[in-house]
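Trainee: I've got the model open and I'd like to check the labels on it one by one. Can we start with a residue and its neighbours?

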Amino acid sequence: MMANKTKGLQLPGEVTQCLSNGMFRIRLENGFLVVAYISGKIRRNSIRILLGDQVVVEICAYDLSRGRIVYRLNQKKKINTIKQKKLI
């Protein structure tokens with residue numbers, strides 16, 4: 001029987017630096033800096049991640065300075081989140 005994997009904490013952030021081998025430095029909404037790599041699903045679908053993109057990062061509970069990019073937010077979602085922040 002396989003053990004159930006616990007999902008990590010998923011937080012939105014912005015790509016601040018592109019590193020080698022599909023690694024990126026991400027600034028999370030709470031201000032922390034995380035080094036994250038691209039998930040396999042994003043690699044398979046050839047989704048490009050560029051400097052300044054808004055992404056969702058899954059952070060492991062064991063090492064809070066590393067994570068995995070699980071989703072890239074598109075331009076419409078970026079605009080909507082910016083509008084929501086201005087309203088609050």
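Mentor: Sure, and keep in mind that this is a predicted model. Start with Glu58: leaving aside residues up to four places away in sequence, it touches Lys7, Gly8, Leu9, Gln10, Gly67, Arg68 and Val70. Glu58 itself sits in strand E4.

Trainee: What makes those residues count as touching Glu58?

Mentor: The cut-off is heavy atoms within 4.5 Å. Lys7 and Val70 are among the residues that pass it with Glu58.

Trainee: Why is Glu58 called buried?

Mentor: Its relative accessible area is 12%. Buried means under 20%, so Glu58 gets the label.

Trainee: And what does the side chain of Glu58 reach at 3.1 Å?

Mentor: The backbone nitrogen of Gly8. A polar contact needs N or O atoms within 3.5 Å, so at 3.1 Å the pair is inside the limit. Glu58 and Gly8 are 50 residues apart along the chain, yet their C-alpha atoms are separated by 5.5 Å.

Trainee: How do you know that Asp53 is buried?

Mentor: Same routine. Asp53 has 6% relative accessibility, and the line is drawn at under 20%, so Asp53 is buried. You'll find it in the loop between helix H1 (40-44) and strand E4 (54-59).

Trainee: Which side chain does the side chain of Asp53 make a polar contact with?

Mentor: That of Arg72, at 2.9 Å. With the limit at 3.5 Å, that distance qualifies, so the Asp53–Arg72 pair is a polar contact.

Trainee: Is Asn21 buried or exposed?

Mentor: Exposed: the label needs over 50%, and Asn21 has 70% relative accessibility. Asn21 is in the loop between strand E1 (9-18) and E2.

Trainee: What makes the phi of Asn21 worth a look?

Mentor: The sign. Most residues other than glycine have a negative phi. Phi of Asn21 is near 60°, a positive value in a non-glycine residue. Ser46 is another case, with a positive phi near 50°.

Trainee: Where is Ser46, and why is it called exposed?

Mentor: Ser46 lies in the loop between H1 and E4. Its relative accessible area is 53%; exposed means over 50%, so Ser46 makes the cut.

Trainee: Zooming out, what is the order of elements in the protein chain?

Mentor: From the N terminus it runs β-β-β-α-β-β-α, which gives two helices and five strands. Of the 88 residues, 26% are buried. The chain exposes about 6,900 Å², and carbon and sulfur atoms supply 55% of that.

Trainee: Where is confidence lowest, and where is it highest?

Mentor: Helix H2 (residues 75-87) is lowest, at a mean of 57, while strand E2 (residues 23-28) is highest, at 96. Over the protein chain, pLDDT averages 84, and 77% of the residues score at least 70.

How values were computed:
Residues are numbered from 1 along each chain as its sequence is written. This is a predicted model: local features need pLDDT of at least 70, side-chain atom pairs count only at pLDDT 80 or more; totals for chains, interfaces and linings use all residues. Side-chain values use heavy atoms; hydrogens and water are left out. pLDDT is the predictor's confidence in each residue, from 0 to 100. Helices (H or I, at least four residues) and strands (E, at least two) are DSSP runs, numbered from the N terminus. Buried means under 20% relative accessible area, exposed over 50%, partly exposed in between (1.4 Å probe, protein chains only). A polar contact is a pair of N or O atoms within 3.5 Å; within protein, one must be able to donate a hydrogen and the other to accept it, and residues adjacent in sequence count only if both atoms are side-chain atoms. Accessible areas come from the Shrake-Rupley method with a 1.4 Å probe; for residues, only the protein chains shown count as cover.
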